[in-house]
Amino acid sequence: MATSNLELDYEFLPYLRVYKNGHVERLLSTDEIPAGIDSQTGVSSKDISNIFLDSKVYVRIYLPSNSDNQKLPLVIYFHGGGFCMFTPSSSKYYNYLNALVSESRVIAISVHYRSPPEYPIPIAYEDSWQALQWVFSHCNGNGREPWLNEHANFTRVFLYGDSAGANIAHNVAMAAGNVEPGLSVDILGVALVHPYFWGSEPIGSESLYPEKKMYVDRMWPFVCPSNPDNDDPRINPIAEGAPGLMSLGCRRVLICVAEKDILKDRGWAYYHALGRSGWMGVVEIQETQGEDHVFPLNDFHCQKAQDFIKDLAHFFNRERPHF
């Protein structure tokens with residue numbers, strides 16, 4: 001749709017502009033790549049739509065080459081983009097997940113959740129939870145999707161997200177820990193990469209970067225107009241009065257932060273809070289020096305990104321923790 005003659009309602013740069021007729025113009029690269037066989041890695045992918053009724057939610061499934069008769073760890077991935085940008089078809093996520101799946105030898109599910117401003121929070125959480133339920137419907141080997149029936153090891157299930165996707169992974173894991181009588185499948189681990197957590201009061205070095213801070217301060221009120229408080233426990237899980245982290249529904253957590261990322265101190269604060277919470281799991285954190293927010297997505301061929309992917313592969317494939 002041509003936008004030159006439309007009247008602007010508001011904008012949230014650098015992500016999007018919203019016009020008074022309701023049209024949303026997304027400004028970052030929206031290059032998309034169809035599912036198929038990746039020529040670089042040999043990883044196969046396909047899209048599954050209509051995973052539940054009356055929804056635009058779909059998933060893209062990735063399967064490494066030479067997977068015949070193999071049961072593989074299952075990674076359920078939530079992409080970032082401030083809740084309001086990108087899809088599993090976006091080129092940066094497609095290329096990155098091909099590299100990750102090839103290195104890790106996992107079967108991966110990339111979830112397309114509906115995005116603000118058309119679909120404000122909590123819809124992204126609800127869509128992601130429904131997608132999890134759809135994946136778990138295959139745990140007995142008689143679900144709708146053959147790749148999951150044949151290749152997913154449902155004793156080794158992981159949630160993984162970066163930035164806003166890591167926020168979704170955390171909130172899905174919290175929901176999983178509070179379900180009665182419980183999910184049909186246990187979540188073994190959660191990988192939170194440069195997680196988007198925030199709060200109304202600055203911590204650590206956040207005040208040293210006023211322009212970045214001002215931008216992040218605006219994000220949650222934009223995507224969640226029904227509760228624009230940056231101390232909402234969904235965005236600040238360690239805020240006063242937030243539900244305790246001890247109910248987090250997994251047994252292992254890996255938190256990844258980057259030295260130059262303004263969100264770094266929130267990742268460290270989450271790590272310390274989880275360790276003190278009484279949660280009966282294993283939590284670890286790693287910080288990449290000299291890098292900024294979601295650097296592996298922006299250049300996954302560089303050495304630090306390759307090392308990062310290897311670390312994730314190790315997390316997905318190591319032995320289960322014993323308690």
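Biologist: Buried means under 20% relative accessible area, exposed means over 50%, and partly exposed lies in between. Is Arg17 buried, exposed or partly exposed?

Modeller: In this predicted model, Arg17 has a relative accessible area of 27%, so it is partly exposed.

Biologist: With which residue does Arg17 form a salt bridge?

Modeller: Its partner is Glu25, and the closest N and O atoms of the two are 3.8 Å apart. The pair also belongs to a network of salt bridges that links Glu11, Arg17 and Glu25.

Biologist: How many salt bridges does a search of the whole structure find?

Modeller: The search gives 14 salt bridges. One of them joins the side chains of Asp47 and Arg60, with an N to O distance of 2.6 Å.

Biologist: Which parts does that pair tie together?

Modeller: Asp47 belongs to strand S4 (residues 44-48) and Arg60 to strand S5 (residues 58-63), so the salt bridge connects parts that are 13 residues apart in sequence. As for accessibility, Asp47 is partly exposed at 37%, whereas Arg60 is buried at 1%.

Biologist: And what does Arg266 pair with in a salt bridge?

Modeller: Arg266 pairs with Glu206, the closest N and O atoms being 2.7 Å apart. This salt bridge links distant parts of the chain, 60 residues apart: Arg266 is in helix H6 (residues 264-276), and Glu206 is in the loop between strand S9 (189-193) and helix H5 (210-223).

Biologist: Is Glu206 buried or exposed?

Modeller: Glu206 is buried, with a relative accessible area of 0%. Arg266 is buried as well, at 7%. In addition, the charged end of Arg266 sits over the ring of Trp198, 5.2 Å from the ring centre.

Biologist: Which ring does the charged end of Lys46 sit over?

Modeller: The charged end of Lys46 sits over the ring of Trp147, at 4.3 Å from the centre. The side chain of Lys46 also makes a polar contact of 2.8 Å with the side chain of Glu145.

Biologist: Where is Glu145 placed?

Modeller: Glu145 is in the loop between H2 and helix H3 (146-151). With 4% relative accessibility, Glu145 counts as buried.

Biologist: What else does Glu145 touch?

Modeller: Leaving out residues up to four places away in sequence, Glu145 touches Lys46, Ile48, Ile61, Trp134 and His138. Within the excluded range, a polar atom of the Glu145 side chain lies 2.8 Å from the backbone nitrogen of Trp147.

Biologist: A change of topic: how far does helix H4 reach?

Modeller: Helix H4 (residues 164-177) has 14 residues and reaches 20 Å from its first C-alpha to its last, close to the 20 Å expected at 1.5 Å a residue.

Biologist: How many of the residues of H4 are buried?

Modeller: The count is 12 of the 14, so H4 is largely enclosed by the rest of the structure. The buried residues include Ile168, His170, Val172 and Met174.

Biologist: What covers the buried residues of H4?

Modeller: The cover includes strand S6 (72-78), helix H2 (123-136), strand S8 (152-162), S9 and H6. H6 is also the helix that holds Arg266.

Biologist: Last topic, the aromatic residues: how many aromatic pairs are there?

Modeller: The count comes to 19 aromatic pairs. One aromatic cluster is formed by Tyr77, Phe86, Tyr93, Phe158, Tyr160, Phe315 and Phe316.

Methods. Residues numbered from 1 in each chain as written. Predicted model: local features only at pLDDT ≥ 70, side-chain atom pairs only at ≥ 80, totals over all residues. Heavy atoms only, no water. Salt bridge = Lys/Arg side-chain N within 4 Å of Asp/Glu carboxyl O. Buried < 20%, exposed > 50% of the residue type's maximum accessible area, 1.4 Å probe, protein only. Helix = DSSP H or I, 4+ residues; strand = E, 2+ residues; numbered from the N terminus. Expected span 1.5 Å × (residues − 1). Contact = heavy atoms within 4.5 Å. Polar contact = N/O pair within 3.5 Å; in protein donor to acceptor, adjacent residues only side chain to side chain. Phe/Tyr/Trp six-rings, centres within 6.5 Å; stacked < 30°, edge-to-face > 60°. Lys NZ or Arg CZ within 6 Å of the ring centre and 35° of its normal.
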